[in-house]
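Colleague: I am new to this structure and would like a close look at a single part of it. Please take your time and show how that part is joined to its surroundings.

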Amino acid sequence: MTDAVRVGLVGLGTIARTHLAVLAEWDEVSLEFTVDPRPEGPPSFRGVRPPHYAALADALEEHRPDLVVLATPTETHAELAGQALVRSAARVLVEKPLVHDLASLAGLRALEESVDLRGRLFTAHHFAFSPEVDWAAELIVGHPEWGPVTGITSAFYDPYVLKGAEAFASYTSSWTDSGVNQLSMLTRFVDLGALGSAQQADDGASAWCTAEYRSRGVVGTARLRSSWLTGSSSKESSLVLGDSGVEIWIDHTAMTGFAARGRDLIATYGNDGRTPRKVAHYRPLYESLLSGRPDPVLGFDATVTITEIHQAMPGLG
Ligand SMILES: NC(=O)c1ccc[n+]([C@@H]2O[C@H](COP(=O)([O-])OP(=O)(O)OC[C@H]3O[C@@H](n4cnc5c(N)ncnc54)[C@H](O)[C@@H]3O)[C@@H](O)[C@H]2O)c1
């Protein structure tokens with residue numbers, strides 16, 4: 001990336017801090033404005049506090065950003081994305097999930113006639129950029145002799161039970177929040193199909209489902225568990241390549257992985273511990289977005305595919 005990028009950041013909560021930390025690594029990036037209805041002032045970005053607004057519409061009256069980043073509660077994404085697309089010429093990076101229901105997806109699709117959705121609207125499917133995911137995906141591509149991925153099990157836990165209503169207000173439900181991360185992560189390994197056995201429990205704080213997929217022409221089943229009923233964050237996935245007896249275990253919390261066959265350890269992945277987990281996701285995500293050739297997993301078509309599967313969970317919306 002060589003051109004200057006003026007960023008408008010909307011929503012100054014938890015994940016906005018990661019966006020700001022990563023954006024600050026780019027000399028070409030300036031923070032043009034921030035938006036948040038909460039009374040706290042804007043953060044300093046490289047020692048400068050940008051103009052701050054309580055509403056996106058007011059900011060877009062005054063500024064011509066190149067990129068609008070939406071880091072607001074999930075249920076606000078679709079409406080704010082629509083505003084940013086219609087009232088500016090900026091690209092729009094929306095936190096995942098893009099929408100909280102299918103009606104909102106239809107609303108955004110309806111803009112297609114007047115707005116270049118494929119060129120301008122991107123979803124921050126950050127889990128697809130996690131380094132252990134990258135490692136495992138490359139390992140599988142590098143070993144076609146291992147055969148298809150015949151089974152996947154993934155469990156994502158977040159300690160949000162103590163946040164109570166605040167967690168539901170920001171993230172809607174465990175499946176809404178983690179399911180989209182699990183699905184976007186799986187697109188690195190397999191071609192996703194329909195959900196089965198899908199159910200939520202604990203008033204939306206837990207979920208379970210299976211998802212059909214194709215791997216090297218073979219149909220397999222992924223089992224996905226997510227829950228907020230835990231004391232600490234823990235996210236792991238296991239991929240079995242049954243024809244060859246290879247199992248790949250990736251720990252998304254530790255950003256580590258290993259592959260084993262029977263009693264043998266056949267590959268390992270670790271890291272130097274210097275990069276915080278969220279930065280490790282968003283740094284490559286922004287590299288991709290700002291490169292001019294964004295990874296398809298950020299794009300509108302992939303988002304539609306992921307959203308339609310994600311929203312097939314009963315009890316959403
Ligand atoms: N927290 C994480 O680790 C994480 C990671 C990846 C993605 N996300 C996604 O990011 C989004 C935000 O999550 P969070 O954890 O930062 O939530 P948060 O509740 O900490 O922050 C949301 C912020 O948005 C502000 N806001 C609310 N309505 C607004 C509006 N209309 N205009 C501008 N600002 C508004 C709130 O005042 C708050 O400051 C969610 O969709 C979540 O799924 C969060």
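Which residue in β12 is the bridge partner of L239?

Modeller: The bridge partner of L239 in β12 is I248, and since the model is a predicted one, what follows describes a prediction. That pair belongs to the junction between β11 and strand β12 (residues 246-251), where six bridges join the two strands in an antiparallel arrangement. β11 and β12 form a hairpin with four residues between them, and in the turn G245 has a positive phi of about 75°.

Strand β11 itself covers residues 234-241 and has two unlike faces. K235, S237, L239 and L241 make up its covered face, while S234, E236, S238 and V240 lie on the uncovered one. This fits a general pattern: in a regular strand the side chains alternate between the two faces of the sheet. L239, with which your question began, is thus on the covered face.

β11 is also joined to β7, by seven bridges, and these two strands run antiparallel. Here S238 of β11 is the bridge partner of T153, and S238 is one of the residues on the uncovered face.

From β7 the picture can be carried one strand further. Strand β7 (residues 151-157) is linked by seven bridges to strand β10 (residues 218-227), and this pair runs parallel. Within that pairing, F156 stands opposite S226 in β10. Helix α8 (residues 174-186) packs on the sheet, where it touches β7, β8, β9 (206-215) and β10, and the direction of α8 makes about 145° with that of β10.

These strands are all members of an open sheet of eight strands, whose order is β8-β9-β10-β7-β11-β12-β13-β14 and whose pairing is mixed. At its edges stand β8 (191-201) and β14 (264-269), and because each has a single partner strand, one side of each is left without a neighbour in the sheet. From one strand to the next, the twist averages 15°.

One residue of β10 shows how a single position sits in this sheet. V219 lies in strand β10 and is partly exposed, with 13 other C-beta atoms within 10 Å. Leaving aside residues up to four places away in sequence, V219 touches E212 and R214. The C-alpha atoms of V219 and D191, which are 28 residues apart along the chain, are separated by 9.4 Å.

It may help, finally, to place the sheet within the whole chain. The secondary structure of the chain comes to ten helices and 14 strands, and its radius of gyration is 20 Å, close to the 20 Å that the globule rule gives for 317 residues, so the chain is as compact as a globular protein of that length. Buried residues account for 45% of the 317 residues. Of the contacts between residues at least 6 apart in sequence, 69% join residues at least 24 apart.

Conventions
Residues numbered from 1 in each chain as written. Predicted model: local features only at pLDDT ≥ 70, side-chain atom pairs only at ≥ 80, totals over all residues. Rg over C-alpha atoms; globule rule 2.2 N^0.38 Å. Buried ≥ 20, exposed ≤ 12 C-beta atoms within 10 Å, placed from the backbone. Contact = placed C-beta atoms within 7 Å. Pairing = 2+ DSSP bridges. Axes fitted to C-alpha atoms, helices over the stretch in contact; angles between N-to-C directions.
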